[in-house]
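User: I am new to this structure and would appreciate a close look at a single part of it. Please describe one helix and its surroundings.

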Amino acid sequence: MFRLEQIGIKQVQVLKDISIETFTDTFAEANDSTHMKEYINNHYTLEKLTKELSHPHSEFYFIFQDSVIAGYLKINRDTAQTEHTHINSLEIERIYIRTPFKRMGLGKLLIQKASERAHAMQLDSIWLGVWEENLQALQFYNKMGFKQSGSHSFFLGSDKQTDLILKKVLT
């Protein structure tokens, strides 16, 4: 049985641990370890995650299988969005599933949660950035109804990469 739970500052250490684990599992094999370490050391600190958890326009959700955290979702609206060109839209900034829980439909549940939140906020669309070389993620988002609407640079440490911007119009 799966359940979602919104999280707060009290869970920042667990969020940090899950963030590092899932980011590393997702990207380490295809990237230089120096760039990975630099990114993790700059983006997954307790201070930075506490600031993100405190932002009034960001929400974090853990997804559990029974009592075990299987992954998490971070969504942003308004001033919390990483790009400010998406009007009346909700950003999915992070959606990560721990390796033992992949291919169990959890990503779909997290997308559904983001869609529900966007509908509740009366927003028109949801969007996200995904690394152009993450073919599994691109296939998944395409299957979930997202379409490419642009691209932007993403820096993994000092390595400049390209993220494709994918958008889904809500009905």
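Analyst: The account below follows helix H1, its partner helix and the sheet beneath them. The model is a predicted one.

Helix H1 covers residues 12–27, and it packs against helix H3, residues 46–54, at an angle of about 110°, the two axes being 10 Å apart. H1 is therefore roughly perpendicular to H3, since angles of 65 to 115 degrees are counted in that class. The crossing in which H1 passes H3 is right-handed. On the side of H1, the contact is formed by Val12, Gln13, Leu15 and Lys16, while H3 contributes Leu46, Leu49, Thr50 and Leu53. Sorted by class, the residues of this contact comprise five nonpolar, two polar and one charged.

Both helices also rest on a sheet. This sheet is open and mixed in its pairing, with seven strands in the order S1-S2-S3-S4-S5-S7-S6. Its edges are strand S1 (2–6) and strand S6 (147–156), each of which pairs on one side only. On average, neighbouring strands are turned by 30° against each other, direction ignored. H1 touches strands S2 (58–65), S3 (68–76), S4, S5 and S6, and its direction makes about 90° with that of S3. H3 touches S2, S3 and S4, and its direction makes about 105° with that of S2.

Among the strands that H1 touches are S4 and S5. Strand S4 (residues 89–97) runs parallel to S5, and three bridges join them. Leu90 has Ile126 of S5 as its bridge partner. Strand S5 itself, residues 125–131, is mostly covered, with six of its seven residues buried.

Definitions and conventions: Residues numbered from 1 in each chain as written. Predicted model: local features only at pLDDT ≥ 70, side-chain atom pairs only at ≥ 80, totals over all residues. Heavy atoms only, no water. Axes fitted to C-alpha atoms, helices over the stretch in contact; angles between N-to-C directions. Helix = DSSP H or I, 4+ residues; strand = E, 2+ residues; numbered from the N terminus. Parallel < 35°, antiparallel > 145°, perpendicular 65-115°, else oblique. Left-handed = near helix turned anticlockwise from the far one by under 90°. Contact = heavy atoms within 4.5 Å. Nonpolar A, V, L, I, M, F, W, Y, C, P; charged D, E, K, R; others polar. Buried < 20%, exposed > 50% of the residue type's maximum accessible area, 1.4 Å probe, protein only. Pairing = 2+ DSSP bridges.
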